[in-house]
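Hi,

Here is the structure I said I would pass on to you. Please have it open while you read the notes underneath.

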Amino acid sequence: MRTKNVIVLPFDPKWETDFANIKQELIRAVGDLAICIEHVGSTAVQGLSAKPIIDIDVVISDYSVFDCVVNRLKTIGYFHEGDLGIQDREAFRYSDKPHLQKHHLYVCPRNSKELVRHITFRDFLRKNPDAVKKYSEVKEKAAKLFPNDIEKYMEFKSSCIEELYSLCGLM
């Protein structure tokens, strides 16, 4: 599921409910294998403008349960795509989920550097309204400048992300 049009919206409180709905479906399939299911990404930060796509990390103890997780997720319409170039973050695509908000699903072992990055950045933003304001403005401007080019959108906001990463100890 590749983003074709870049749309950034003001924060929508409904995103929390959207996450909860997706999480319930995931819990039914893999709840006994997951340590937790985290709402990460911009939709997880109150007040932050975002693309209306929920990012979710299913956290597992380690790869010993991964094959079972893949098989159970397959039974509810999720298909493993590999790590897509990011170590210890396994991506899944889905089909036939019109009842759920569009989302990105990842499975990460608890010691994953990518999981730590997701949680650290989310928690930093949740505690720093000035950073949320700045990042929202950059994202909104990037979406206006590059509504049909996700790569340029990402490139435009990268210096802001690097600055915020530095502030929260990720760089």
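Below is what I found, starting with the nonpolar cores and ending with the charged pairs. Please keep in mind that this is a predicted model.

**The cores**

The largest nonpolar core contains 25 residues, and L26, L73 and Y78 have the most contacts inside it. Two or more residues come from each of helix 1 (14-30), strand 1 (34-40), strand 2 (54-60), helix 2 (66-75), strand 4 (90-94) and strand 5 (103-109). Helix 1 is the top contributor, giving 6 residues. Another core, of 14 residues, lies apart from this one, and its members include F124, V132, I161 and L164.

Y78 is a good place to start looking. Leaving aside neighbours within four places in sequence, Y78 touches I22, E25, L26, L73, F92, R93, Y94, K97, L100, H103 and L105.

**Two loop residues**

Have a look at R89, in the loop between strand 3 (78-82) and strand 4. R89 is buried but has no salt bridge. How far away is the nearest side chain of opposite charge? That side chain is E114, at 4.3 Å, while the cut-off for a salt bridge is 4 Å. E114 is still among the contacts of R89 beyond its sequence neighbours within four places, together with Y63, G82, D83, L84, Y106, V107, C108 and H118.

S112 sits in the loop between strand 5 and helix 3 (113-126). With 0% relative accessibility, S112 is buried. A polar atom of the S112 side chain is 3.2 Å from the backbone nitrogen of E114. Setting aside neighbours within four places in sequence, S112 is in contact with Q87 and D88.

**Aromatic pairs**

There are 7 aromatic pairs in the structure. One of them joins F121 and Y165 edge-to-face, with 4.9 Å between the centres and 85 degrees between the planes. Because F121 belongs to helix 3 and Y165 to helix 5 (residues 150-167), this pair ties together parts that are 44 residues apart in sequence. Both rings belong to buried residues: F121 has a relative accessible area of 10%, and Y165 has one of 13%. Elsewhere, Y63, F66 and F92 make up one aromatic cluster.

**Salt bridges**

The count of salt bridges comes to 8. E114, which came up twice above, forms one with R117, at 2.4 Å from N to O. Both residues are in helix 3, 3 residues apart, or about one turn of the helix. Is each partner buried or partly exposed? E114 is buried at 11% relative accessibility, whereas R117 is partly exposed at 25%.

Helix 4 (residues 129-145) has a similar arrangement to look at. K133 and E137 are 4 residues apart there, so about one helical turn separates them. Their salt bridge has its closest N and O atoms 2.6 Å apart, and E137 is partly exposed at 43% relative accessibility.

K134 and E163 also meet in a salt bridge, at 2.6 Å from N to O. Since K134 is in helix 4 and E163 in helix 5, this pair ties together parts that are 29 residues apart in sequence. K134 is partly exposed at 33% relative accessibility, and E163 is partly exposed too, at 38%. Finally, E38, R122 and D123 are joined into one network by salt bridges that share partners.

Best wishes

Definitions and conventions
Residues are numbered from 1 along each chain as its sequence is written. This is a predicted model: local features need pLDDT of at least 70, side-chain atom pairs count only at pLDDT 80 or more; totals for chains, interfaces and linings use all residues. Side-chain values use heavy atoms; hydrogens and water are left out. A nonpolar core is a set of buried Ala, Val, Leu, Ile, Met, Phe, Trp, Tyr and Cys residues joined through side-chain atoms within 4.5 Å. Buried means under 20% relative accessible area, exposed over 50%, partly exposed in between (1.4 Å probe, protein chains only). Contact means heavy atoms within 4.5 Å. Lys and Arg count as positive and Asp and Glu as negative; His and the chain ends are not counted. A polar contact is a pair of N or O atoms within 3.5 Å; within protein, one must be able to donate a hydrogen and the other to accept it, and residues adjacent in sequence count only if both atoms are side-chain atoms. Rings of Phe, Tyr and Trp (its six-membered ring) pair if their centres lie within 6.5 Å; planes under 30 degrees apart count as stacked, over 60 as edge-to-face and the rest as tilted.
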